[in-house]
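Colleague: I would like to learn how to read a model of this kind, one feature at a time. Could we begin with the helices and go on from there?

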Amino acid sequence: MTTVHKNYINGAFVTPKSAETILVSNPATGAVLSQIPNTAVSMVDDAVAAAKSAQQAWEARPAIERAGYLRQIAAKIRENAPKLANTIVEEQGKIRGLAEVEVGFTADYLDYMAEWARRIEGEIITSDRPGENIFLFRQAIGVVGGILPWNFPFFLIARKLGPALITGNTIVLKPSEETPNNAAMFMELLAQTDMPAGVVNLVYGDGATTGTALCQNPSVGLLSFTGSVETGSRIMEMAARNITKVNLELGGKAPAIVLADADIDLAVKAITASRVINSGQVCNCAERVYVDARVEDEFVTKLSKAMSACRFGDPSKDTTIDYGPLINRAGLDKVVSLVDRAKAAGAEVITGGKASDEGGGNYYEPTVLRGVAHDSEIMQNEVFGPVLPVNTVSDADEAIARANDSDFGLTSSIYTRDIGAAMRACREIKFGETYINRENFEAMQGFHAGVRKSGIGGADGKHGLYEYTQTHTVYLQS
Ligand code: NAD
């Protein structure tokens, strides 16, 4: 019998009365690892009530004191880093090296958010009236509901909790039902710190039951969600009923533009790394290539060689592989059917193009497709797997126009040696992020935000921090 995780509410681990549980398994082997309760509305409401009653006292503490708690958690994470990395490898299928990066980055992120304690600023605005001062304060929103995906499950806890807590909010987290074990470890570590009861709460369950309950609770002031466009849209609908603020980090379909003057070896290396990282299951992964016809042959030949050299397998057994399994069978089936339809529509498979049944996990071969039409399904829809469709363009104009012609607008990249072309792309590419001559991966002091269906608002840096605040303008007549 595997462990059934307990929710963490008001500083205590609690088991819901409901007997319904969800099994959590290793995507590389199918072995059952743990179970979580599918927490029903009444206990979700208890968690929100606990967060609400703790919030005022939490906000009243100086920010520098709140920072101290974030630093305590970061220290606990570092002390337990190998165990945490193992858990992420086992339940998410991430390779060991990347899981270690995720754990280290999570601790660093909490320390970074703690640094904001002395930097949160309001404004003093000049008045039209004699003897008046206008002050703009930045204050906490109240209770944040943080709903997490499975692809960077541990880091996403910090990305929501860090800015929420440092700005004086309290939080109720709901991890993905696919990857709750790392969240359980996070809460165990948090319980070992001096964190006051009710400031951080966590409930397990699926989206239909637990996630919905959190979104419908009128005491939640901000729903901070990372996940798919479909779920983001549903969350917005629920938020609309209570006029709850939303922060939505949704899917992507990142274009990589390779111009005729690009350093092809550099482009191949960066695009390959950006496509196979986490088995291709990252919102900012390079997902479609627009290559100038003059360098297409060289690029595709080198890309195919680099992609086919990527090795996959069970990350618990082999630390030398490039990527592990996809998260579950449904995820694999989705990639299989997308590629099969692309092949039927005329795409040429240069390498890969099918699932692999090696070891019984949900593996997909590293895949390069050529001759793919820009308006085809595989160039337009998010593909969470190591699959790279390539489309040929005649120049930068055509590449930029095609890159922008997408429902998504999260990340993008361009490879060129011409600084003028790069700067022009910065002006004309309508995406939240653009990487020039480097792989796609954001920094914690940047601003990770999508346009179009990729989201509303963003995370990281000053702008991400202020998403967790509301303004309060005060007119003082003296
Ligand atoms: P998902 O939308 O299926 O689930 C995400 C979370 O939402 C889970 O915790 C789930 O239980 C919950 N949920 C599902 N239905 C819900 C509902 N009706 N109400 C409330 N909560 C509900 O996404 P996923 O498969 O876990 O993650 C993959 C997606 O996340 C991809 O599209 C990826 O691009 C995106 N993502 C985006 C970013 C970003 O920063 N923009 C980062 C990571 C992942």
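Modeller: Helices (H or I, at least four residues) and strands (E, at least two) are DSSP runs, numbered from the N terminus, and the expected span of a helix is 1.5 Å times one less than its number of residues. This is a predicted model, in which local features need pLDDT of at least 70 and side-chain atom pairs count only at pLDDT 80 or more, while totals for chains, interfaces and linings use all residues. Residues are numbered from 1 along each chain as its sequence is written, and side-chain values use heavy atoms, with hydrogens and water left out.

Colleague: What span does helix α8 reach, and what is expected?

Modeller: Helix α8, residues 229-242, has 14 residues and reaches 21 Å from its first C-alpha to its last, close to the 20 Å expected at 1.5 Å a residue. Just after α8, Ile243 takes a positive phi of about 50 degrees.

Colleague: Which residues of α8 are buried, and what do they pack against?

Modeller: An α-helix has 3.6 residues a turn, so residues three or four places apart point the same way. Buried means under 20% relative accessible area, exposed over 50%, and partly exposed in between, with a 1.4 Å probe and protein chains only. In α8 the buried residues are Val229, Gly232, Ile235, Met238 and Ala239. With contact meaning heavy atoms within 4.5 Å, they pack against several elements, including β7 (143-147), α7 (207-216) and β10 (220-226).

Colleague: Is β7 itself enclosed or open?

Modeller: Strand β7 is largely enclosed by the rest of the structure, because 5 of its 5 residues are buried. Both faces are covered, with Val143, Gly145 and Ile147 buried on one side and Val144 and Gly146 on the other. Two strands pair if DSSP finds at least two bridges between them, and β7 pairs with β8 (residues 170-174) in the parallel sense over 5 bridges; in β8, the bridge partner of Val144 is Ile171.

Colleague: How should I read the order of the strands in an open sheet, and which stand at the edges?

Modeller: One open sheet has 3 strands in the order β5-β6-β26, with antiparallel pairing. Strands β5 (123-125) and β26 (469-477) stand at its edges, each with a single partner strand, so one side of each is left without a neighbour in the sheet. Strand β6 (residues 132-140) pairs with β26 in the antiparallel sense over 9 bridges, and Glu132 stands opposite Gln477 in β26.

Another open sheet has 7 strands in the order β14-β17-β18-β13-β12-β20-β21, and its pairing is mixed. Here β20 (residues 411-415) and β21 pair in the parallel sense over 4 bridges, with Ser412 opposite Thr434 in β21.

Colleague: Why is there no disulfide at Cys310?

Modeller: A disulfide is a covalent bond between the sulfur atoms of two cysteines, and here the rule asks for a pair of cysteine sulfur atoms within 2.5 Å. The sulfur of Cys310 is 12 Å from the closest cysteine sulfur, in Cys285, and is therefore too far for a bond. For Cys426 the closest cysteine sulfur, in Cys283, is 20 Å away, again too far. By this rule the count comes to 0 disulfides. Cys310 counts as buried at 10% relative accessibility, whereas Cys426 is partly exposed at 38%.

Colleague: Where is Asp460 placed, and is Asp460 buried or exposed?

Modeller: Asp460 is in the loop between β25 (458-459) and α15 (461-466), and Asp460 is buried, with a relative accessible area of 2%.
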